[in-house]
Amino acid sequence: MPFDVQDLSGTFSVGDIAIALSLSFVLSAMIGWVYRFTHRNVSYSQSYVQTLVILGMLIALIMLVVGSNIARAFALVGALSVVRFRNAIKETRDVGFIFLVMGVGMAAGTRFYTLAIVAAVAICLIILVMYRFNWFASSIQRQVVKVQVPPDGDHTAHIQDVLIAHTSEFELVSIESIRGGALTEMMYTVRLKKGHGPGELIAALGERTGGQRVTVLTGYDQTDL
């Protein structure tokens, strides 16, 4: 019985493959540059941006393989379901960029070339506009204050006296026993009064905590005593 090998690549031309992969690469790379340009946090990862480009091309390839064949689609879903990703997404906007390159890759792989180009350019322009004009930014800046105190004695009242003097509002978020019960850590969210800096708050709290650690988190900066 002869060994019969059937190549199904003839269902699309070499030109279709080249255009789909090239277009998904160009558009995914453009999205990656937009992500890098608009990234504000310290958690920027070159590996993540490179993954965006690879993912866009991979989705285009998958869509070429699937085509309009339902059986292949279910087979690929079953094959990809065994993949487990352990890395946590650091920012919610990172998820949006993942879905963006996936959508562009799907459009390119199904040969909706105009849709892929228009959608990628339009969404990237919207992202740049939101970055340029700082849309949806909150004008209220809040800080997180973590205070460690000995478990004996009533330190809460003393700490709240300091917070009343240096903040316009504050809220107790949590109380936790740490170091095997040797210390108690209290966490507050606060809003500093005008003219009061984190350093002043730390110094004032340090006088009431018996020299224990005080931490003020302001945005992405951290100040310790």
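This is a short chat about helices, a surface patch and record annotations in a predicted model.

User: What kind of model is this, and how are residues numbered?
Analyst: It is predicted: local features need pLDDT of at least 70, side-chain atom pairs count only at pLDDT 80 or more, and totals for chains, interfaces and linings use all residues. Residues are numbered from 1 along each chain as its sequence is written, and side-chain values use heavy atoms, leaving out hydrogens and water.

User: How far apart are the end C-alpha atoms of helix α4?
Analyst: They are 26 Å apart. That agrees with the 26 Å expected for the 18 residues of α4 (residues 92-109) at 1.5 Å a residue. The expected span is 1.5 Å times one less than the number of residues. Helices are DSSP runs (H or I, at least four residues), numbered from the N terminus.

User: Which residues in α4 are buried?
Analyst: Among them are D94, F97, L100, V101 and V104. Buried means under 20% relative accessible area (1.4 Å probe, protein chains only).

User: What covers them?
Analyst: The cover includes α1 (14-38), α2 (46-66) and α5.

User: What follows α4?
Analyst: R111, with a positive phi near 65°.

User: New topic. Is F136 buried or exposed?
Analyst: Exposed (over 50%), at 73% relative accessible area. F136 sits in the loop between α5 (113-132) and β1 (143-149).

User: Which residues does the UniProt "transmembrane region" annotation cover?
Analyst: The unreviewed entry gives 12-35, 47-71 and 112-133. Such annotations may be inferred rather than shown by experiment.

User: How much of 112-133 is helix?
Analyst: 91%, with 0% strand. The end C-alpha atoms of that span lie 32 Å apart.

Definitions and conventions
Helix = DSSP H or I, 4+ residues; strand = E, 2+ residues; numbered from the N terminus. Contact = heavy atoms within 4.5 Å.
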